[in-house]
Amino acid sequence: MVNLLPVPPWKGRPLTNTQVVPSIINGGITALYFILWGKGLKSCGPLRAILAEYSGAILGVLSAVLYGRKGHAWKKIGGLIAMVASFYFLSQGWATETYSPFSFKDNLDAEVQPEQVLGMKEMAIPIIAGILSALRRVIARRVSLKNQLKRRLHALTIASATCFMFPVAMWDIIIGSPSSSSEKMPFSTWAFLSTIFFGVILIFYVDSIAEERLHMVFSSPKHLMGAGGCIIVMEMVYKLDFSLPGFLICCIVLGFGIYEATSLERGRKDSFQKHDSSDGILGDEMQMSALPT
């Protein structure tokens, strides 16, 4: 309901079925993404869960293998290998002071709670969530063309995701999950409200500003550089189990993989930007001609 108040989907020009149906399907993908991302956050921690968001570049590898040239396909497969290697390093604790091979401390501080080593099975949950996140962004870009229409369709997508998640939440409250029976975590109002405000509402406007004005697309090396800087600051401020050299190596390998996996899309984007103004004028004329006089 909070997301529907700024931009109600029912106001303005009526939406067509080609816009509503993909938005509802995108809502189901968004709901599954939030569920998997929450499970990945609980099992892997915030650092691994945030970096696993960039696994959406795997979609670029699939597009090159299915529709691209062989030269681009091999390039993207190399990027995929680099991304898998980076996630493997993260699962082995390279970004932590406890298990990093680049750690120079024999004993950790008593206040620092050590992280645990995970396997690729545990990392698979946030990686799948990252792929679903990239898929929902691709569907949203395909359906919406203008900013106002983009906001309306995003509100419809979040409302659809809420409807999909409501039965799952009720089932979990009534029946309970196996993880909740063994570990009872206290309810945190701040965590709940911050997830809604920052993770659902504010992130949409921040991504829109980053893409339209800063030309910083999600799942890009530039975006990873900014997110990595914020992670370093937060890890050092809260004095967590963190290894700066290991984290930088994981980010460099992941950034290289993303760069190679999205190389073809960058070339297409640069070539399409030259025709954006003419295409926008032509699209407006076609939409205006469809209106009744």
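**Entry 1. Histidine 223**

I began with histidine 223, which, apart from its neighbours within four places in sequence, is in contact with Tyr54, Asp207, Met216, Val217 and Phe218. I note here that the model is predicted. I located histidine 223 in helix 9, which covers residues 221-237. I then looked up its exposure: histidine 223 has 16% relative accessibility and counts as buried.

**Entry 2. Salt bridges**

One contact of histidine 223, Asp207, led me to the salt bridges, of which I found 2. In one of them, the side chain of aspartate 207 meets that of arginine 137, with 2.8 Å from N to O. Aspartate 207 belongs to helix 8 (residues 189-212) and arginine 137 to helix 5 (residues 120-143), so this pair ties together parts 70 residues apart in sequence. I recorded both partners as buried: aspartate 207 has 11% relative accessibility, and arginine 137 has a relative accessible area of 15%.

I next examined glutamate 211, which forms a salt bridge with arginine 141; their closest N and O atoms are 3.1 Å apart. Here too a residue of helix 8, glutamate 211, is paired with one of helix 5, arginine 141, so parts 70 residues apart in sequence are tied together. Glutamate 211 is buried at 18% relative accessibility, whereas arginine 141 is partly exposed at 37%.

**Entry 3. Cysteines**

I looked for disulfides and found 0 in the structure. Why does cysteine 251 form no bond with cysteine 250? The sulfur of cysteine 251 has its closest cysteine sulfur in cysteine 250, and the 7.0 Å between them is too far for a bond, because a disulfide requires the sulfur atoms to be within 2.5 Å. I also compared exposure: cysteine 251 is buried, at 12% relative accessible area, while cysteine 163 is exposed, at 58% relative accessibility.

**Entry 4. Surface**

I noted a nonpolar surface patch of about 730 Å², made by Phe166, Met170, Trp171, Ile173, Ile174 and Ile175. Of these, I checked isoleucine 174, which lies in helix 6 (residues 147-174) and counts as exposed at 67% relative accessibility. For the chain, I recorded an accessible surface of about 18400 Å², with 69% of it belonging to carbon and sulfur atoms.

**Entry 5. The chain as a whole**

I counted 12 helices and 0 strands. The chain has 293 residues, and 36% of them count as buried. Of the contacts between residues at least 6 apart in sequence, 81% join residues at least 24 apart.

Definitions and conventions. Residues numbered from 1 in each chain as written. Predicted model: local features only at pLDDT ≥ 70, side-chain atom pairs only at ≥ 80, totals over all residues. Heavy atoms only, no water. Buried < 20%, exposed > 50% of the residue type's maximum accessible area, 1.4 Å probe, protein only. Helix = DSSP H or I, 4+ residues; strand = E, 2+ residues; numbered from the N terminus. Contact = heavy atoms within 4.5 Å. Areas by Shrake-Rupley, 256 points an atom, 1.4 Å probe, with all protein chains shown as cover. Patch = residues over 30% accessible without salt bridge, like charges linked within 9 Å, V, L, I, M, F, W, Y side chains within 5 Å. Salt bridge = Lys/Arg side-chain N within 4 Å of Asp/Glu carboxyl O.
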